[in-house]
Amino acid sequence: MRHTEFWTRMEAALGSTYARTWADQQVLSALGGRTVTESLDSGEDVREVWRAVWAELGLPPRDR
């Protein structure tokens, strides 16, 4: 998964305005207590970050 696809999925799930704010502020235990933005900036695999977001938001299986 590319970063562009990740952000497209984030915007579909949370809206184009809120997606970046949520990614900057929401700390996820599945990401080692980091935010989505911190995880991506540190080089975490985009797919792993998406899986953590998907689980946190309780998105449907089709979005995994």
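Mentor: A contact here means heavy atoms within 4.5 Å. This is a predicted model, where local features need pLDDT of at least 70 and side-chain atom pairs pLDDT 80 or more, while totals for chains, interfaces and linings use all residues. Numbering runs from 1 along each chain as its sequence is written, and side-chain values use heavy atoms, without hydrogens or water.

Trainee: Let's start with Thr35: which residues does Thr35 touch, leaving out those up to four places away in sequence?

Mentor: Find Thr35 in strand β2, residues 34-35 (DSSP runs, numbered from the N terminus: E, at least two residues, for strands; H or I, at least four, for helices). Thr35 counts as buried because its relative accessibility is 6% (buried is under 20% of relative accessible area, exposed over 50%, partly exposed in between, with a 1.4 Å probe and protein chains only). With that sequence cut, its partners are Ala23, Asp24, Gln25, Gln26 and Val27.

Trainee: And which elements do the buried residues of α4 pack against?

Mentor: α4 covers residues 46-57, and its buried residues are Val46, Val49, Trp50, Ala52, Val53 and Trp54. Just past the helix, Gly58 takes a positive phi of about 65°. Those buried α4 residues pack against α1 (3-14), α2 (18-25), β1 (27-28) and α3 (36-41).

Trainee: How many residues does α4 give to the largest nonpolar core?

Mentor: That core (buried Ala, Val, Leu, Ile, Met, Phe, Trp, Tyr and Cys joined through side-chain atoms within 4.5 Å) has 17 residues, with Phe6, Met10, Val36 and Val53 making the most contacts inside. α1, α2, α3 and α4 each supply at least two of its residues. The biggest share comes from α4, and that share is six.

Trainee: Which residues does Phe6 touch, not counting those up to four places away in sequence?

Mentor: Phe6 is one of the residues with the most contacts inside the core. Beyond that sequence cut, Phe6 touches Met1, Val36, Leu40, Val46, Val49, Trp50 and Val53.

Trainee: Are α1 and α4 roughly parallel or antiparallel?

Mentor: His3, Phe6, Arg9, Met10, Ala13 and Leu14 of α1 meet Val46, Val49, Trp50, Val53 and Leu57 of α4. The axes sit 10 Å apart at an angle of about 10°. Under 35 degrees is roughly parallel, over 145 roughly antiparallel, 65 to 115 roughly perpendicular and the rest oblique. So α1 and α4 come out roughly parallel.

Trainee: What about α1 and α2: at what angle do they pack?

Mentor: Among the residues making this contact are Trp7 and Met10 of α1, with Tyr18 and Trp22 of α2. The two axes are 8 Å apart, and their angle is about 105°.

Key: The expected span of a helix is 1.5 Å times one less than its number of residues. Axes are lines fitted to C-alpha atoms, for helices over the stretch in contact, and angles run from 0 to 180 degrees between N-to-C directions.
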